[in-house]
Amino acid sequence: MKQRTFTGTKIACYTGYIVQGIVNNIAPLLFVIFSDKFNITLDKLALLITINFATQLIVDTVSIKFVDIIGFKPLAIISQAIAFIGLSCLGILPNILDNAYVGIVIAIVLSAIGSGITEVIISPIVESIPGEKKTAEMSLLHSFYCWGQVFVVFLTTIMIKVFGNDLWYIAPVLWAIIPLVNTINFISVPIAPNLTEEEKTPFFKMLFSKQFILLIVIMICSGASEIGMSQWSSYFAEAGLKVSKMTGDLLGPCLFAILMGTGRMIFGFLGEKINLKTALTCSAGLCAFCYLGTCFIDNPVISLLICAFTGITVSIMWPASLSLAAKLFPKGGGSMYSVLALSGDTGCTLGPWVISYVSIQFAQGVSSAESLKTGLGFGAFFPILMIIAISFLSLKKNGIDNKKHSDIIKS
């Protein structure tokens, strides 16, 4: 058998993020169907988002202890296999269990376990591949999450249009094929070994440093800013504009993902020349403006377009934050990425929850679309907090070679 190269490793990692994009976005696309077919209420739909990311939080937490012990390659294989099982169950369990909601929860938990492991290991795997343009590689890698989201939104919408709402379960079963294939792919590609304990930066020394605490806050805000808007844009389109599911999904989450992926690809090409702190500050400022604009602009079409434009404002947040971490703590090891993934997924849980909680509090006497707009307005808190955290972040410590990275980072 011909020996695989690191190009194959990159392809497997790119596909892994496509799988994560599928896992995190397939259920929200089916919310209206779940509501109509299984009589699932808005608060229970919101809980599904929380369950997804809360499960990923648990996985991230456990990974801090075990990722460097088990190793990246076994975990990569396991992550894709579990994602395959979870997506398959999403299409099967709700139709065979007496309580469809329980079946959906089981499927989401399984999928989230696979997604959580993926989030922890894929970035350090790519970071360990020999090469110079690490910032660009990281951004390009994360763009594939966006393309996974685009594919799942666009093709799922088409599938439901073709097969009809009654055959909705075909979509997640077909999507399960991708992680199944990638499970096999990860078995054969080379992956660099984990850092030894002697090579790694001492975990607690890193964890309690001012710089790392600020990175944790930035990652929380990144996850909240991104997922808060993307998870609710489909529901907002259908409930607010009263458009068809296909039109709402294409104008909402699909356009959001396209713009986010485009932003990450552009950042991938320019990343080695961009001042990361300035770029993150500008993106957070525009993101806050988008959340507030969605809330206060009365025109529903413009509000929806602002929802979509938020995609480009959040595009660099997650990969740029990881790039900063890699430069500040180049010997952080898998445990560092576990903590950062935990932080990001904390934000992914908080963002949609805050929006849904505020929406429910303001729901009395107004339409669901109007209450959701109020919730989205409160979502501006997270990008504003990110700007504050970035302003306190110094990039002249922890052994960075400032001459080498002077074209990238200027504090």
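A search of the whole structure, which is a predicted model, turns up two salt bridges. The term stands for a side-chain nitrogen of Lys or Arg within 4 Å of a carboxyl oxygen of Asp or Glu. Side chains of opposite charge can pair when their charged atoms come close. One of the bridges joins Glu-137 to Lys-10, with the closest N and O atoms 2.9 Å apart. This pair links distant parts of the chain, since Glu-137 belongs to helix H6 (residues 134–163) and Lys-10 to helix H1, 127 residues apart. Helices here are DSSP runs (H or I) of at least four residues, numbered from the N terminus. Glu-137 is partly exposed, with a relative accessible area of 22%, and Lys-10 is partly exposed with a value of 22%. On this scale, buried means under 20% relative accessible area, exposed means over 50%, and partly exposed is in between (1.4 Å probe, protein chains only).

The other bridge brings together the side chains of Glu-226 and Arg-264, at 3.1 Å from N to O. Glu-226 sits in helix H10 (residues 210–230) and Arg-264 in helix H12 (residues 245–270), so the bridge ties together parts that are 38 residues apart in sequence. Both Glu-226 and Arg-264 are buried, and for Glu-226 the relative accessible area is 6%. Glu-226 also has a distant partner in sequence: Cys-348 is 122 residues away along the chain, yet 7.5 Å away in space, C-alpha to C-alpha.

A word on how these values were obtained. Residues are numbered from 1 along each chain as its sequence is written, and side-chain values use heavy atoms, with hydrogens and water left out. Local features need pLDDT of at least 70 and side-chain atom pairs count only at pLDDT 80 or more, while totals for chains, interfaces and linings use all residues.

Next come the rings. The structure holds 10 aromatic pairs, a pair being rings of Phe, Tyr or Trp (its six-membered ring) whose centres lie within 6.5 Å; planes under 30 degrees apart count as stacked, over 60 as edge-to-face and the rest as tilted. Phe-34 and Phe-38 make a tilted pair, 6.2 Å centre to centre with 40 degrees between the planes. These two are four residues apart in helix H2 (residues 31–38), which means that about one helical turn separates them. Phe-34 is buried, at 0% relative accessibility. Another tilted pair is Phe-362 with Phe-378, at 6.4 Å centre to centre and 40 degrees between the planes. Here distant parts of the chain are linked: Phe-362 is in the loop between helix H16 (333–361) and helix H17 (368–378), Phe-378 is in helix H17, and the two are 16 residues apart. Phe-362 is partly exposed at 44%, and Phe-378 counts as partly exposed at 45%.

Ring pairs also link Phe-34, Phe-38, Trp-168 and Tyr-169 into a cluster. Tyr-169, in turn, is 9.1 Å from Ser-88 in space, C-alpha to C-alpha, although their positions lie 81 residues apart in sequence. Ser-88 is part of helix H4 and is buried, with a relative accessible area of 14%.

Two more contacts involve a tyrosine. The charged end of Lys-44 sits over the ring of Tyr-101, 5.5 Å from its centre; for this label, NZ of Lys or CZ of Arg must be within 6 Å of the ring centre and within 35 degrees of the ring normal. Asn-25, in helix H1 (residues 6–29), is buried at 5%, and its side chain is joined to that of Tyr-145 by a polar contact of 3.5 Å. A polar contact is a pair of N or O atoms within 3.5 Å, where, within protein, one must be able to donate a hydrogen and the other to accept it; residues adjacent in sequence count only if both atoms are side-chain atoms.

On the outside, Ile-92, Ile-96, Leu-97, Val-102, Ile-106 and Val-173 make a nonpolar surface patch of about 460 Å². Helix H4 (72–96) and helix H5 (100–128) are the elements that give two or more residues to this patch. Patches are built from residues with over 30% relative accessible area and no salt bridge, with like charges joined within 9 Å and nonpolar side chains (Val, Leu, Ile, Met, Phe, Trp, Tyr) within 5 Å. Accessible areas come from the Shrake-Rupley method with a 1.4 Å probe, and for residues only the protein chains shown count as cover. Ile-106, placed in helix H5, is partly exposed at 38%.

Finally, Asn-39 has a positive phi of about 55 degrees although it is not a glycine. Asn-39 is in the loop between H2 and helix H3 (42–70), and counts as exposed at 65% relative accessibility.
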